[in-house]
Amino acid sequence: MKFAFQPWVRGALLPLVAALALAGCATVPSGVPEIQTTAQFKEQGATPPAGFTKALPSEAQARGAWWLAFNDPVLNALVEKADVNNNNIQGAAARLAEARALARSANADRLPQIGLGAGANRGGGLDKASASVRPGTMTNIGATFSYEVDLFGRLSGASNAAKLDAAGREGLLQSTRLAVQAEVAQTYLQLRALDAERALMRETVEAYSDTLRLTQRRQAAGDIAELDVARVQTEVSSTESDALALDRQRAQVEHALAVLVGDSASSFGVRTDEWATALPAIPPGVPGTVLTRRPDVSAAQNAVLAAQARVGVAQTAWFPDISLTGAAGYASPEIGDLFKWSARSWGVGALLSLPIFDGGRREAGVQGANAQLDGALASYRTQVLVAFQEVEDQLAAIRILQEQSVVQAKAVSSAQRATSLSDTRYRNGYISQLDLLDARRSELRNRRQALQVKSAQYQAAVGLIRAIGGTWEVPAATASAASATATQKVATR
């Protein structure tokens, strides 16, 4: 028997066949996007390196307990507390759990679906061939089976994209954890810098007070006028005011630290202590490829891979969907006969569906998926460029701050010597009080500047660790001193 298609049927089928052929030839982008990275950071060499190296993902590399390099038990305890209690980390962990649940849900669509069902229907007057219009009841119970044949990879592509989304969320969790750890370290180091500056201000107030007492004795003896006493008193009060401003700033920083570690500012406190935190040495020749372990870069890579998978899913919309269904059980108008062998029933079916005209919906889906892929690629490239910028910024800051520290130390030494000489000459009546006050102001200014430079060095070190996504090897022996002393200094009031 031969079948002849009408011309209008052939005209309707030709575009469909052409579309399927084009979809079959469509290629789906795949693979990790490769970004060219410098073999060495510019700020660690005399001249920018000429060569490039292609960096593959390495988010699995250990980032280490980098805070141990600072050899500060209080800092260690604070970071460990933030890892457990920080709300941003907990929120990122919840989003990761949600993404993993969605991945399991997407993977479940690839498996057969089996269920049990029972029901009862009552009706009458529907069978016109029967003379009876009395209502009847039909009860049934049985199992159902359905399975979508994934011939063209639509379900597997969706499952793979969901898994990559979960992997990206895991990278974002690690990025959040690293950011919180770095912020805890920087806030704590700022607190210690303020402690050192407050101690300097109190020391300066004592020095000014000694000068005030000497000036008052000389005024009482008639050697100097009351104006000189007023000038020294002004310096004492002004310095005390600066010290109180530092007290206010320290309280605010301590409260911010309480939020970071997930504690109440009303019950949290860090005891004032000497600034004895070690400054880690940055090893030379840190390779540019360390940036591939940054969790945010890893998350951007997974976003690109997920977008690639969704392009493939969108392209499979041109192919038919094939579903298999089945049901088996019992059906009877009498409940007492429901489980008799004669009441058994079963059925199997297969469904092939393919939209012929959808108003351009499938084409729009492919275009949207490609646009999302382009956006993910742009975000990934931007993330890599920002990563290099952050590392170069911190390396430049560390290098320049080291030079500034040396110069500032010389300025402090000279200012202290000038103050000592001025104090001796003032006590012997060789110079005026204004000269002594100028010398003390200069010393205070330079010593505060030295503390600020030191604080900036610590902030840059933490910033570099965050920028490279972790740190170099930390001696394991440092970890042993972390817990015992820390619990004594991180106090709850």
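The exercises below work through aromatic pairs, one helix and the nonpolar cores of a predicted model.

**Exercise 1. Classify the ring pair formed by W66 and F70, and state whether each residue is buried or exposed.**

Solution. A pair of aromatic rings is described by the distance of the centres and the angle of the planes. A search of the whole structure finds 3 aromatic pairs, and in the one formed by W66 and F70 the centres are 6.5 Å apart with 75 degrees between the planes. Planes over 60 degrees apart count as edge-to-face, and the pair of W66 and F70 is accordingly edge-to-face. For burial the cut-off is under 20% relative accessible area; W66, with 1%, is buried, and F70, with 0%, is buried as well. Ring pairs also link W66, W67 and F70 into a cluster.

**Exercise 2. Work out how the rings of W275 and Y458 are arranged, and which parts of the chain their pair ties together.**

Solution. The ring centres of W275 and Y458 lie 5.1 Å apart and the planes meet at 45 degrees, so this pair is tilted. W275 belongs to the loop between strand 5 (268-270) and helix 6 (295-315), whereas Y458 belongs to helix 8 (residues 433-467), so the pair ties together parts that are 183 residues apart in sequence. Both W275 and Y458 are buried. As a last step, consider the face of W275, over which K454 lies at 4.2 Å from the ring centre.

**Exercise 3. Check the length of helix 4 (residues 154-220) against its expected span, then describe the surroundings of T204.**

Solution. Helix 4 has 67 residues, and at 1.5 Å a residue it should span 99 Å; its end C-alpha atoms are 97 Å apart, which agrees. Just after helix 4, G222 takes a positive phi of about 85 degrees. T204 is placed in helix 4 and is buried, with a relative accessible area of 10%. The T204 side chain reaches the backbone oxygen of L200 at 2.8 Å, and, leaving aside residues up to four places away in sequence, T204 touches T239 and L444.

**Exercise 4. Identify which helix gives the largest share of the largest nonpolar core, and which residues have the most contacts inside that core.**

Solution. The largest nonpolar core has 41 residues, and those with the most contacts inside it are W66, F70, L78, V184, Y188 and L257. Among the elements that each supply at least two residues of this core are helix 2 (73-85), helix 5 (226-260) and helix 8, while the largest share, 13 residues, comes from helix 4. A second, separate core of 22 residues includes V297, W318, A387 and L395.

Key: Residues numbered from 1 in each chain as written. Predicted model: local features only at pLDDT ≥ 70, side-chain atom pairs only at ≥ 80, totals over all residues. Heavy atoms only, no water. Phe/Tyr/Trp six-rings, centres within 6.5 Å; stacked < 30°, edge-to-face > 60°. Buried < 20%, exposed > 50% of the residue type's maximum accessible area, 1.4 Å probe, protein only. Helix = DSSP H or I, 4+ residues; strand = E, 2+ residues; numbered from the N terminus. Lys NZ or Arg CZ within 6 Å of the ring centre and 35° of its normal. Expected span 1.5 Å × (residues − 1). Polar contact = N/O pair within 3.5 Å; in protein donor to acceptor, adjacent residues only side chain to side chain. Contact = heavy atoms within 4.5 Å. Core = buried A, V, L, I, M, F, W, Y, C linked by side-chain atoms within 4.5 Å.
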